[in-house]
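Thank you all for coming. I would like to spend a few minutes on the ligand site first and then turn to the salt bridges.

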Amino acid sequence: MVLLLFGPPGSGKGTQSGLITNWLHIPSISTGEMLRREIEEGTELGRLANGVMAMGGLVVDGLVNRMLLERISQPDCRAGFLLDGYPRTVKQAEFLDSTLAARGLPSAIVLHLDVPFPLLIARMNSRRQCPACGRTYNLLSDPPRNPAVCDIDGTVLTARADDNEAVFRERLRIYDELTRPVLTHYRGRGYHRIDGDRPPKAVFEEIVSILDAEARDRETQPAL
Ligand code: AMP
């Protein structure tokens, strides 16, 4: 199964990605996380991405596509994978579709977490992340057991560098302009809209029933 977890920044992609990959035992690939790692390691790609990311823009398609291709070529992706934050432009979606077809992989299933923008701004202000293991929390909807530290390794949680309101609004604008058209690209082809303004458990239950139904449908269509 190739899953695209889709939604504006703050829509709960990180949380759902963890739940889905634990359930299906497939790797979760977040291009945002990969880029942040490149920046931390001071690589050439990290240097190119840093300024754009700090301002809420998108890293150019060619660089992200190459990074993605390298990652999904790893052996752990053979049985499928989940993409979080990719594709973000129609060009990236076209690149992904042709890559999947060329490798004989099934077409993607798109899970769109839809959340109204004003709610996203409130959520963004309460978002935290563990700098050690990458686990994300939301102080409102998905808080850690002990405030301010990671449940997994006890590291002090931080806000992300691109989580300030001006940058966040810019990311929403870019989402509307460049990323929303990707949904139109997939409409009618494995596309599912999910109301993301609900507790994470309810959202996950809907995802489980969508994926169960997709698995049943695809079994009866061997060409997929
Ligand atoms: P995320 O963690 O998915 O919210 O991504 C954080 C930032 O990384 C985005 O605001 C972009 O600057 C950059 N980024 C992540 N994924 C992509 C992508 N698929 N294409 C272009 N830029 C990306």
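Let me begin at the ligand, where a backbone N or O atom of Gly57 lies 2.5 Å from one of the ligand's oxygen atoms; please keep in mind that this is a predicted model. The protein covers 97% of the 480 Å² of accessible area that the ligand has on its own. The ligand's nitrogen atoms have partners as well: a backbone N or O atom of Val59 lies 3.1 Å from a nitrogen atom of the ligand, and a polar side-chain atom of Arg88 lies 3.0 Å from a nitrogen atom of the ligand.

Altogether 16 residues surround the ligand, and those that come nearest are Thr31, Gly57, Arg88, Gln92 and Arg171. By class, this shell is made up of 6 nonpolar, 5 polar and 5 charged residues, and helix α2, residues 31-41, gives the most to it, with 4 residues.

Turning now to the salt bridges, a search of the whole structure finds 14 of them. In one, Asp76 pairs with Arg71, with the closest N and O atoms 2.8 Å apart, and Asp76 is partly exposed at 41% relative accessibility. In another, Asp142 pairs with Arg135 at 3.5 Å between the closest N and O atoms; here Asp142 is buried, at 17%, whereas Arg135 is partly exposed, at 29%.

Finally, Glu165 forms a salt bridge with Arg169, the closest N and O atoms being 3.1 Å apart, and because these two residues are 4 residues apart in helix α7, about one helical turn separates them. Salt bridges with shared partners also join Glu170, Arg173 and Glu177 into one network.

Methods: Residues are numbered from 1 along each chain as its sequence is written. This is a predicted model: local features need pLDDT of at least 70, side-chain atom pairs count only at pLDDT 80 or more; totals for chains, interfaces and linings use all residues. Side-chain values use heavy atoms; hydrogens and water are left out. A residue is near a molecule or strand if one of its heavy atoms lies within 4 Å of it. A polar contact is a pair of N or O atoms within 3.5 Å; within protein, one must be able to donate a hydrogen and the other to accept it, and residues adjacent in sequence count only if both atoms are side-chain atoms. Accessible areas come from the Shrake-Rupley method with a 1.4 Å probe; for residues, only the protein chains shown count as cover. Ala, Val, Leu, Ile, Met, Phe, Trp, Tyr, Cys and Pro count as nonpolar, Asp, Glu, Lys and Arg as charged, and the others, Gly among them, as polar. A salt bridge is a side-chain nitrogen of Lys or Arg within 4 Å of a carboxyl oxygen of Asp or Glu. Buried means under 20% relative accessible area, exposed over 50%, partly exposed in between (1.4 Å probe, protein chains only).
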